[in-house]
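Trainee: Got a minute to go through this one with me? I'd like to start with the pocket and then look at the helices.

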Amino acid sequence: MHAYGVPDATDAIKLDAMENPFRLPEALQAELGRMLAALAINRYPSGTTYRALKQAIAVQDGLLGADAQPDVSRLVLGNGSDELISLLCQLVAQPGAVVMAPAPSFVMYEMSAKLAGASFVPVPLQADFSLDMPAMLQAIETYRPALVFLAYPNNPTGNLFDTAAVQAILRATDGLVVLDEAYAPFAGGASWMSQLDAWPNLAVMRTCSKWGLAGARLGYLAAQPVWTEPLDRIRPPYNISVLDAEATRFALQHFEVFAQQTAALCEARTTLAVRLQALVGSQGSLGANGLDTVYPSAANFVLVRVADTVAGATPTAQPSRASRVATAMRERGVLIKDASRMHPLLANCLRLTVGAPAENEAMLAALTEALQAIPAGREA
């Protein structure tokens, strides 16, 4: 296996990890600093800290009981969603257990399943990155998965899976189906959180990383208590630090600031997609040396496919043109994600995080220069 690599972003514009590029306003930074400074960091986090944070999340996401009070029994907190993925795989990993997910998708699903001793079954997406439903349903019937992960929107493709397709998967399996909504703030309201009562085998997982708290490792999973109670039993007792917990509660108290930043990023995503589309094929000044495809996105990134060869051309040797373009962009001070190595369906694809306006301009300039400097393959 390989470790989950984190590239060095020193002296680079960092557009490879889908982070919010905006800081808190200075007044809120100072207020947060005073609050964190007063915490008793010499003590372990208490159950009160954990419960208070769950209450704040339940209010934010509308997880209320019949008495209109926050229903914390349906929530489990994790040190980022990565820990929750690992805990879920541990929870179901009896002998012969199978974890399933579409491919390509978030790499931690497969890594966590294998580390837990479960089998992992990837089901390839279709060429347009939609779910291959005959293949998914056949795989469910054949392998009877204990756990199915569906990233919604999907990473690294950026698309939302069809609602009817997700419902068909929920009906087809008795296992837990986890809708990973890491990018929900950018998806225009698309979410399965309100469907928890309708589907007893549904869980919704979210993270605070994408909307502004990547440095405070906080993820959470919402599901029926029949799932959250055993998951909470195997959770490490102090997995959420008091600093992360209180920083997250503070952020939720000022969520309107992050909502404004999210709205700005969604607007920037639209602008970026239009600018990228101008680099596609014959319509752009780069012609055949430009981009092949700009994929629609409901997340805070845009996936593009780099044109590789022109008609009748001899394909270039490895590494792919996309990999060489990514390297050339890094040399120009912009770090993006080379997705071309992740899965055959992502051949010559790059994933571009939506950044602040100046960052997006620098990224577009670096991409254009790199595409010009590394032409597509041509006839010998």
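What follows is a short chat about the pocket, some backbone details and three helix pairs.

Mentor: Sure. Keep in mind that this is a predicted model.

Trainee: What volume does the largest pocket have?

Mentor: About 1300 Å³.

Trainee: And how many residues line the largest pocket?

Mentor: The lining has 46 residues. Nearest the centre are Tyr4, Phe106, Val107, Met108 and Asn155.

Trainee: Which elements give two or more residues to that lining?

Mentor: Three helices and two strands: α3 (80-92), α4 (107-115) and α7 (209-213), plus β3 (98-103) and β4 (119-124). The largest share comes from α4, with seven residues.

Trainee: How does the lining divide into nonpolar, polar and charged?

Mentor: There are 27 nonpolar residues, eight polar and eleven charged.

Trainee: Backbone next. Which peptide bond is cis, with omega near 5°?

Mentor: The one from Ala103 to Pro104. Pro104 sits in the loop between β3 and α4.

Trainee: What joins Asn155 and Pro156?

Mentor: Another peptide bond in the cis form, with omega about 20°. Pro156 is in the loop between β5 (147-151) and α6. Asn155 also came up earlier, among the residues nearest the centre of the largest pocket.

Trainee: Why flag cis bonds at all?

Mentor: Because most peptide bonds are trans. Likewise, most residues other than glycine have a negative phi.

Trainee: So what is phi of Met18?

Mentor: Near 55°, a positive value in a residue that is not glycine. Met18 belongs to the loop between β1 (13-14) and α1 (26-37).

Trainee: Now the helices. At what angle do the axes of α3 and α4 cross?

Mentor: Roughly 40°, and the axes come within 8 Å. The two helices are therefore oblique to each other. The crossing of α3 past α4 is right-handed.

Trainee: Which residues make the contact?

Mentor: From α3, Asp82, Ile85, Ser86 and Cys89. From α4, Met108, Tyr109, Ser112 and Ala113. By class, the α3 and α4 contact has five nonpolar residues, two polar and one charged. Met108 is also one of the residues nearest the centre of the largest pocket.

Trainee: How about α5 and α6, what angle there?

Mentor: About 15° between α5 (residues 133-143) and α6 (residues 163-172), with axes 10 Å apart. That makes α5 and α6 roughly parallel, because angles under 35 degrees count as such. This crossing is right-handed.

Trainee: Which residues of α5 meet α6?

Mentor: Met133, Met136, Leu137 and Ile140. In α6 they meet Ala165, Ala168, Ile169 and Ala172. The contact of α5 with α6 has eight nonpolar residues, no polar and no charged ones.

Trainee: Last pair. How far apart are the axes of α10 and α12?

Mentor: They are 11 Å apart, and the packing angle is about 20°. Here α10 covers residues 255-277 and α12 covers residues 357-373. So α10 and α12 are roughly parallel to each other. Again, α10 passes α12 in a right-handed crossing.

Trainee: Which residues meet there?

Mentor: On the α10 side, Ala268, Leu272, Arg275 and Leu276. On the α12 side, Asn360, Glu361, Met363, Leu364 and Leu367. That contact has six nonpolar residues, one polar and two charged.

Methods. Residues are numbered from 1 along each chain as its sequence is written. This is a predicted model: local features need pLDDT of at least 70, side-chain atom pairs count only at pLDDT 80 or more; totals for chains, interfaces and linings use all residues. Side-chain values use heavy atoms; hydrogens and water are left out. Axes are lines fitted to C-alpha atoms, for helices over the stretch in contact, and angles run from 0 to 180 degrees between N-to-C directions. Helices (H or I, at least four residues) and strands (E, at least two) are DSSP runs, numbered from the N terminus. Angles under 35 degrees count as roughly parallel, over 145 as roughly antiparallel, 65 to 115 as roughly perpendicular and the rest as oblique. A crossing is left-handed if the near helix is turned anticlockwise from the far one by less than a right angle, and right-handed if clockwise. Contact means heavy atoms within 4.5 Å. Ala, Val, Leu, Ile, Met, Phe, Trp, Tyr, Cys and Pro count as nonpolar, Asp, Glu, Lys and Arg as charged, and the others, Gly among them, as polar. On a 1 Å grid over the protein atoms alone, a cavity is a set of points where a 1.4 Å probe fits but cannot get out, and a pocket is an open set with protein on both sides within 12 Å along at least five of seven lines; lining residues have an atom within 4 Å of a point. Grid points are joined across faces, edges and corners, and a volume is the space filled by probe spheres set on the points.
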